[in-house]
Amino acid sequence: MISGDRQPNGYRVYTEKDLQRILLIQKLQSGGLTLKECKACLEEKINKALLLERLTALDKEIEQKQQSKKLLVALIGEGDTKAWHEDLNKRAPYAHLEWLLTQGFSDKEALQLKWLSKNMNEHDLYMNDFMKIFETLERWGPGSEEDTKKALLAVPKLPESILEIGCGKGLSTEVLAKCSNAEITALDNEQSALDRLEQRFAQQCLVDQLSTVCAGMTELPFPKNSFDLLWAEGSAYIIGVENALAQWRSVLKKHGYLMLSDMVWRTSTPSCESIEFWEQEYPDIQLVQSRINQMKKAGYQVIDHFPQSESAWLNYYTPLGKRLSELERDLADSSAFKDVQNEVNICTQFGHEFGYHMFILEKLNS
């Protein structure tokens, strides 16, 4: 870039002109040019195409660095991480969950953050508002007594031991108890839901059939081959259906059964509104046949399957809509309120395009 005069003693001598050339080069470098590009600008007329190419590359670098800055600001507690969590959960759901656990969140908190608040820095506030919405509701998801009975009748052999995963307040648990003589272990990570379940069973004089466990579903705290039947209405999505099929398999007895319900597409051409909603809320939503293929690959035989009824849908979304109307004045600005309200709007307007599907599976022993 510069060349000084070499003296007899080997030293080089540079002039004021050389120094000023260096200052010019530094100015060009500050525009993002490489040394090769700087040399071209010094020795020839400015190549505008070259500079435009460098400007485009610089704009991309600035955008990437701004995104990096935004993320770092959010991760230290001074910004919103929702978009970042949503994108990571879509691209790498299992790695996302494991990362949340390494950040010090409990199993329960990590699952809630993954599927509900999606914001590490406002998680507590979000969950307080979320639980306020649902605290008075008996159902925490679509379901009906008739659908639960129908699925249980599809199990070829009445079980002696049942593990219900994600039991909530126990509406399905009660049906299982009344329609069988099985010993039922009800698992959920929300103690208030288990308290309500135990209260319900005491009122129905069914307590002898019940034991409750407050724990997460990522690592079931039971020995291998413990249960004849696993029951999971609307809960497997939390850790991912494929993950659930693999992890839960070990606690099933030889040729045990698994009843799993999952949100599926009921059309191969859903509306843009439905696609946008589920890409955020449940990016792993599948067509029924795709789920069946996954179940077979995981080592299960599909005994029966059927769509959840419309009444099961309305049993959940009708009272939830009324509850939102009651709380609108107090929670209108709450992120949790807005998210639940959007869910109700989408699921009542476009509910014919998607819904829960009940799958009855038998564990195959290979």
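This section reports the overall dimensions of the protein chain and the local settings of selected residues.

The structure is a predicted model, in which local features need pLDDT of at least 70 and side-chain atom pairs count only at pLDDT 80 or more, whereas totals for chains, interfaces and linings use all residues. Residues are numbered from 1 along each chain as its sequence is written, and side-chain values use heavy atoms, with hydrogens and water left out.

The protein chain contains 15 helices and 10 strands; helices (H or I, at least four residues) and strands (E, at least two) are DSSP runs, numbered from the N terminus. The radius of gyration of the protein chain is 30 Å, against a value near 21 Å for a compact globule of 366 residues. This radius is taken over C-alpha atoms, and the globule rule is 2.2 Å times the number of residues to the power 0.38. Along the principal axes, the C-alpha atoms occupy a box of roughly 105 × 55 × 40 Å.

Of the 366 residues, 44% are classed as buried. Here buried means under 20% relative accessible area, exposed means over 50%, and partly exposed lies in between, with a 1.4 Å probe and protein chains only. The accessible surface of the protein chain is about 20000 Å², and carbon and sulfur atoms contribute 50% of that area. Accessible areas come from the Shrake-Rupley method with a 1.4 Å probe; for residues, only the protein chains shown count as cover.

Among contacts in the protein chain with a separation of 6 or more, 69% are between residues 24 or more positions apart. A contact is defined by heavy atoms within 4.5 Å. The chain carries 42 positive and 54 negative charges, and the mean positions of the two sets are 7 Å apart. In this count Lys and Arg are positive and Asp and Glu negative, while His and the chain ends are not counted. Each charge is placed at NZ of Lys, CZ of Arg, CG of Asp or CD of Glu.

At the N-terminal end, an unreviewed UniProt entry lists residues 1–44 as "domain: HTH merR-type". UniProt positions are given in the numbering used here, feature names are shortened, and annotations may be inferred rather than shown by experiment. In the model, the span 1–44 is 55% helix and 9% strand, and its end C-alpha atoms lie 13 Å apart. T34 is located in the loop between α1 (16–30) and α2 (35–43). This residue counts as partly exposed because its relative accessibility is 35%. The C-alpha atoms of T34 and R54 are separated by 9.4 Å, with the two positions 20 residues apart along the chain.

E122 occupies the loop between α6 (107–117) and α7 (123–134). With a relative accessible area of 45%, E122 is partly exposed. Its C-alpha atom is 14 Å from that of W84, 38 residues away along the chain.

Q209 lies in the loop that links α10 (191–203) to β5 (210–214). The relative accessibility of Q209 is 18%, so the residue counts as buried. Apart from residues up to four places away in sequence, Q209 touches A177, S180, N181, A182, E183 and I184.

Positive phi values occur at two residues described here that are not glycine. N225 has a phi of about 60° and is placed in the loop between β5 and β6 (227–233). H255 likewise has a positive phi of about 60°, but its place is in strand β7. Both are partly exposed, N225 at 45% relative accessibility and H255 at 37%.

Strand β7 also holds V264, which is buried with a relative accessible area of 1%. Leaving aside neighbours within four places in sequence, V264 is in contact with I285, Q286, V288, R291, F354, G355, H357 and F359. The C-alpha atoms of V264 and N293, 29 residues apart along the chain, are 14 Å from each other.

T267 is found in the loop between β7 (252–265) and α12 (272–281). At 22% relative accessibility, T267 is classed as partly exposed. With neighbours within four places in sequence excluded, T267 contacts L287 and E353. H352 is 85 residues from T267 along the chain, and the C-alpha atoms of the two residues are separated by 8.6 Å.
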